[in-house]
Number of protein chains: 2
Amino acid sequence: MNAEIIAVGSELLLGQIANTNAKFISAELADLGINVFYHSVVGDNPKRLESVIKTAQNRSNLLIFTGGLGPTKDDLTKETIATVLGKNLVYDQEAMDHIEMYYKRTGRVMSENNRKQALVLEGSEILPNKHGMAPGMALHEDGLSYILLPGPPKEMQPMFSNFAIPYLSGRLPGKEPIVSRVLRFFGIGESLLEATLQDIIDQQSNPTVAPLAGNHEVTLRLSAKFLDSKIAQEQLDVLEGKIRERVGEFLYGYGNDSLQKAAAEQLKDKKLTVSSAESLTGGWFGKQITDTPGSSEIFKGSVVCYTNEIKEQLLGVSHELLVSEGAVSENCAKQMAEKIRNLTGSDIGISFTGVAGPGPSENKEAGTVFIGLADESGTKVYPLALSGSRTAVRERSVMYGLFYLLSKVKKGQ
Amino acid sequence: MNAEIIAVGSELLLGQIANTNAKFISAELADLGINVFYHSVVGDNPKRLESVIKTAQNRSNLLIFTGGLGPTKDDLTKETIATVLGKNLVYDQEAMDHIEMYYKRTGRVMSENNRKQALVLEGSEILPNKHGMAPGMALHEDGLSYILLPGPPKEMQPMFSNFAIPYLSGRLPGKEPIVSRVLRFFGIGESLLEATLQDIIDQQSNPTVAPLAGNHEVTLRLSAKFLDSKIAQEQLDVLEGKIRERVGEFLYGYGNDSLQKAAAEQLKDKKLTVSSAESLTGGWFGKQITDTPGSSEIFKGSVVCYTNEIKEQLLGVSHELLVSEGAVSENCAKQMAEKIRNLTGSDIGISFTGVAGPGPSENKEAGTVFIGLADESGTKVYPLALSGSRTAVRERSVMYGLFYLLSKVKKGQ
């Protein structure tokens, strides 16, 4: 199967957004062992879209479309495909019910053009949209497969993972599937990780190891190709073991794990609670730890003390300390962590203080950060000197905090 | 001039990176008034690249290539274009000197394959690379223009801005530049906004109006084409006025504005401070309002009261109320907003309580949210019934909070 991903939307051609849908789908197809030979982007123009479809029909046998399924007149992907294939569009009752229900539930007025979203290609399989209104479609016709997906990534991604992948897997001939495992690391840079594992990376051909730098973290993708998926998993286990021996302390999770999810799970397992005192992060740690459902079991709350006044009044940080050493200091981080732990009666108190930037503060450079962790055994403060933009400093502070918390809880210290 | 942007690189087809080069170039071309009708992505494969070039020659007259100019065997953009056009590749002495100097300066050993980067299309104009080694090229042949740019964005972007744009501007007939203005809306859906403005959208040909749904918000791009940019701005003013008359209450900003930036600026202008009491949002509001540098002038801090215990202990919400009406109630939101305002001595207190989901809580459905706003004139609570995932409910709650806050401060109420 040779795939082509066709994005429809003038906003892409105007440079308002990047085609991140093609990136997402391409990575997913690579995992399935399906080659992607082309990406195409075309505007909301039926003539040009028609010619793009015809070109794709001549060079690819899996055509995946994103965008142009919405309610407005500009949205014409399914209409144009229907024209090219000589198919009708028919109303799908389930999709219609779903759209009407959505408006009823939210109490908003449904404008008439929304009905258009329930029109589907005759004979196609419907891919339900759990995060929006326009359903997706899959169709096999004259040896070619067509998959139509909505444009917004938050609708497209779950639809692709939950419905398009099973549809495609069912049509793949019995070739060696690629079994992948993604290891997630934090606290080690890509080049150091790669240098530490260079001989392993070079020696491996099946399974293979590929590093990728992401959002302040690094992942390693291990991929094995065997007809028997049990053998593939065993080979991945062996390889992971070798990697753990060298850089295990930085490995925090797998696949789509995140530091906040891993930390939340560890806290749940150990039946521990945490509270935070946040200065430079402004509430970001609390936001992250409550991303996971059921987080009230592990997170009681936080005091965001953005000004010194609030650090004193709400947390009870000593006035003398704030005057003598400043808010950006090891001792302030220590007090903040201890005070929030006592105030909330949590097992662990975590604190964040520092200079987010762009400019210095208290004569300390942007990127100077102290993270405190207090529990019954005492308090430890981690100093950091981070680089990057204001957002990067804040985000990485939160990630380091989650990583220290996770490491502490894991070790049971 | 109708442009097509062709990205060459298997890493794009494997989903390792998104085609952000196409976004950048498209936005720049839009500003020049050059239409972009297609983006194409093809791998490091000469046969497939050749066919993509031929397709582009038949439908576009400006072909812009990114990627495939590097030193490795995989890099074959200029080689393939040379084949298609029947041109030779020749060594460019200046580029060769530049490459040798780079290695001398950094003290690294130059491998032989780096010489390949100094090969250029015979008869082309060289676009210097100030941030890397491979030079770009521009060529006009048989009525078509070809521009070749390196793949790494930090090399491509300055080369495009400093050398490709002047090259293109010199070839444009005295035609009207496009002047654009993006209006940002919150609190109104794309379809309702479009339905409300349908007659204006349909009647307009210059300036034009194009809606785009983004992350829980909608934007309208107004674009005018006039030789005199002053007339263009005046026409945009008139059109914006018409739009404001109908949906002005939902318009919160322009261009790259965000709700948090707009709210922070309004607070700064009016010299007002805000503090938040956050339950379901877990600290997200605080995180957003502190994204902007200098936010300590307008934001004092917050209490994240994720459990009822903390709502009582740290904020002082009444125990009876939490028992009788629950934490997810209008009165709880009212108390939270008033208490945090008093506790911190801020001008405005804002509160967030609700059910983030996925499941119900206190027998209230996921998406039930109350946002409180307290100031010296009294307290107003806004009830919301939001749909979508846990993340969407939380994110939209924060956005609604920022929007209510912004509207209140703007009106000076």
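Reader: In which loop of chain A is the place of A:Lys271?
Author: In this predicted model, phi of A:Lys271 is near 50°, a positive value in a residue other than glycine. Helices (H or I, at least four residues) and strands (E, at least two) are DSSP runs, numbered from the N terminus. The place of A:Lys271 is in the loop between α10 (259-269) and β13 (274-278).

Reader: Which pLDDT do local features need in this model?
Author: Residues are numbered from 1 along each chain as its sequence is written, chains are lettered from A and ligands numbered from 1 in the order in which they are written, and side-chain values use heavy atoms, with hydrogens and water left out. The model is predicted: totals for chains, interfaces and linings use all residues, side-chain atom pairs count only at pLDDT 80 or more, and local features need pLDDT of at least 70.

Reader: What is omega of the peptide bond from A:Asn206 to A:Pro207?
Author: A:Pro207 belongs to the loop between α8 (198-203) and β10 (208-213) of chain A. The bond that leads to A:Pro207 from A:Asn206 is cis, and its omega is near 5°.

Reader: Which residue does a cis peptide bond join to A:Gly357?
Author: The partner is found in the loop between β15 (348-354) and β16 (368-375) of chain A. Omega of the cis bond is about 10°, and the residue joined to A:Gly357 is A:Pro358.

Reader: How many residues apart in sequence are the parts that A:Arg181 and A:Glu240 tie together?
Author: The two side chains meet in a salt bridge of 2.8 Å, N to O; the term requires a side-chain nitrogen of Lys or Arg within 4 Å of a carboxyl oxygen of Asp or Glu. A:Arg181 lies in strand β9 (residues 178-185) of chain A and A:Glu240 in helix α9 (residues 229-247) of chain A, so the distance in sequence between the parts is 59 residues.

Reader: At what angle do helix α12 and helix α14 of chain A pack?
Author: Two packed helices are described by the angle between their axes and the distance between the axes. Axes are lines fitted to C-alpha atoms, for helices over the stretch in contact, and angles run from 0 to 180 degrees between N-to-C directions. The axes of α12 (residues 308-315) and α14 (residues 330-344) of chain A are 10 Å apart, and the angle is about 35°.

Reader: How many charged residues has the contact of α12(A) with α14(A)?
Author: In this contact (heavy atoms within 4.5 Å), A:Lys311, A:Leu314 and A:Leu315 of α12(A) meet A:Cys332, A:Met336, A:Lys339, A:Ile340 and A:Leu343 of α14(A). Ala, Val, Leu, Ile, Met, Phe, Trp, Tyr, Cys and Pro count as nonpolar, Asp, Glu, Lys and Arg as charged, and the others, Gly among them, as polar. By class there are six nonpolar residues, no polar ones, and the charged residues number two.

Reader: Which residue of chain A forms a salt bridge with B:Glu309?
Author: In the interface, 69 residues of chain A are in contact with 70 residues of chain B. The rule finds five salt bridges across it. In one of them the closest N and O atoms are 3.1 Å apart, and the partner of B:Glu309 is A:Lys300.
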